[in-house]
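Hi,

Here is the structure I promised to pass on, with my notes underneath. Have a look at it first, then read on.

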Amino acid sequence: MVPPQRKHRSLAQGVVEQVTAIIRDGVLKPGDKLPTESSLMAQHGVSRTVVREAISHLQAAGLVQTRHGIGTFVLDRPNSSLGLDAENILTLRDVLSILELRIGVETETAGLAASRRSELQVTELAGALAEMQQAMAEGRSAVEADKRFHLLIAQATGNRYFVDILAQLGNAIIPRARLNTPVLEQDKPAAFNERVSREHDDIFRAVERQDPEAARAAMRTHLSNSRERLVQAQRRLEGKVA
């Protein structure tokens, strides 16, 4: 039997894909209003919960914006990408530079998320965290769940530009998506996973209890630790070359 949460997520993803397609095909243009929740429920044969989850994901992707009491509207996607090209983030030095950018951006993101998050967003964050921890425990890649966790925090700020920055970076926001970080850090995978899991849990708990300063501190600690671990790895690599 498929767990209800996973079933909702699968159905919501189907709605997201179909709405995204009609936006990209120009059927719905920037400024156009999406059909009402009731209409989307009827069109896709899903529940209100599924529709709301789908809209939440569309907001996280920066495709739509909900104006309370008015409706959900298609956003005008800019052609420029702030000069952030994830395909050019290839080396350890590149990843370190991205971590410096993230420390500045995501520290404040976490604080705002703690102040503004909804109960639904806390539930989604808990799901992403649980998915990440389960993947680590089973020896599977946790990159997608980790990325979703950070994007959900950005979404919880209610500021789509934070989401845009992380979305443009894609998998580059997770160092181990491009680098074998446990090996670089000369660490056992279990110890590495436990440390990363604990850092994410600290961020989640602070957001959950609506403590902006603790959330900022937890995010800064997590990203600074990631950077410091990679700095040490870089020094070891350079030492071997020398």
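Arg-48 sits in helix H3, in what is a predicted model. With a relative accessible area of 34%, Arg-48 is partly exposed. Leaving aside residues up to four places away in sequence, Arg-48 touches Glu-37, Ser-38 and Met-41. Glu-37 is 11 residues away from Arg-48 along the chain, and their C-alpha atoms are separated by 6.7 Å.

His-57 is also part of H3, which covers residues 48-60. His-57 has a relative accessible area of 23% and counts as partly exposed, because the buried class means under 20%. A residue to check against His-57 is Val-15: the two are 42 residues apart in sequence, and 9.9 Å lies between their C-alpha atoms.

As for H3 as a whole, its 13 residues reach 18 Å from first C-alpha to last, close to the 18 Å expected at 1.5 Å a residue. Which of its residues are buried? Val-50, Val-51, Glu-53, Ala-54, Ile-55, Ser-56, Leu-58 and Ala-60 are. An α-helix has 3.6 residues a turn, so residues three or four places apart point the same way. You may want to keep that in mind when you look down the helix. After H3 comes Gly-62, with a positive phi near 75°.

Now to the wider layout. The protein chain has 10 helices and two strands. Read from the N terminus, the order is α-α-α-β-β-α-α-α-α-α-α-α. Of its 242 residues, 45% count as buried. If you look at contacts with a separation of 6 or more, 71% of them in the protein chain are between residues 24 or more positions apart.

One helix pair I looked at is H4 (residues 92-116) with H7 (residues 160-169). How do they pack? Their axes are 11 Å apart and the angle is about 145°, and the crossing is left-handed. On the H4 side, the residues that meet H7 are Ile-98, Leu-101, Val-105, Glu-106, Thr-109 and Leu-112, and their partners in H7 are Phe-162, Leu-166 and Leu-169. Sorted by class, this contact has seven nonpolar residues, one polar and one charged.

Leu-169, found in H7, is buried, with a relative accessible area of 1%. Between Leu-169 and Ile-98 there are 8.8 Å from C-alpha to C-alpha, although they are 71 residues apart in sequence.

On to the nonpolar cores. In soluble globular proteins, nonpolar side chains tend to be buried together. Here the largest nonpolar core has 33 residues, and Leu-125, Phe-149, Ile-153 and Ile-203 touch the most other members. At least two residues of this core come from each of H4, helix H5 (119-137), helix H6 (143-156), H9 and H10. H4 gives the largest share, with eight residues. Ile-203 is worth picking out in your viewer: not counting residues up to four places away in sequence, Ile-203 touches Phe-149, Ile-153, Ala-218, Met-219 and His-222. A second core, separate from this one, has 17 residues, including Val-16, Ile-23, Leu-40 and Val-46.

Next, H9. Does its length fit the expected span or depart from it? It fits: the 20 residues of H9 should span 28 Å at 1.5 Å a residue, and the end C-alpha atoms are 28 Å apart. The buried residues of H9 are Phe-192, Asn-193, Val-196, Ser-197, Glu-199, His-200, Ile-203, Phe-204, Ala-206 and Val-207.

The last item is Gln-210, which lies in the loop between H9 (189-208) and H10 (212-241). Gln-210 is not a glycine, yet its phi is positive, at about 60°. Is Gln-210 buried or partly exposed? At 44% relative accessibility, Gln-210 is partly exposed.

That's what I have so far. Shout if you'd like to go through any of it together.

Cheers

How values were computed
Residues are numbered from 1 along each chain as its sequence is written. This is a predicted model: local features need pLDDT of at least 70, side-chain atom pairs count only at pLDDT 80 or more; totals for chains, interfaces and linings use all residues. Side-chain values use heavy atoms; hydrogens and water are left out. Helices (H or I, at least four residues) and strands (E, at least two) are DSSP runs, numbered from the N terminus. Buried means under 20% relative accessible area, exposed over 50%, partly exposed in between (1.4 Å probe, protein chains only). The expected span of a helix is 1.5 Å times one less than its number of residues. Axes are lines fitted to C-alpha atoms, for helices over the stretch in contact, and angles run from 0 to 180 degrees between N-to-C directions. A crossing is left-handed if the near helix is turned anticlockwise from the far one by less than a right angle, and right-handed if clockwise. Contact means heavy atoms within 4.5 Å. Ala, Val, Leu, Ile, Met, Phe, Trp, Tyr, Cys and Pro count as nonpolar, Asp, Glu, Lys and Arg as charged, and the others, Gly among them, as polar. A nonpolar core is a set of buried Ala, Val, Leu, Ile, Met, Phe, Trp, Tyr and Cys residues joined through side-chain atoms within 4.5 Å.
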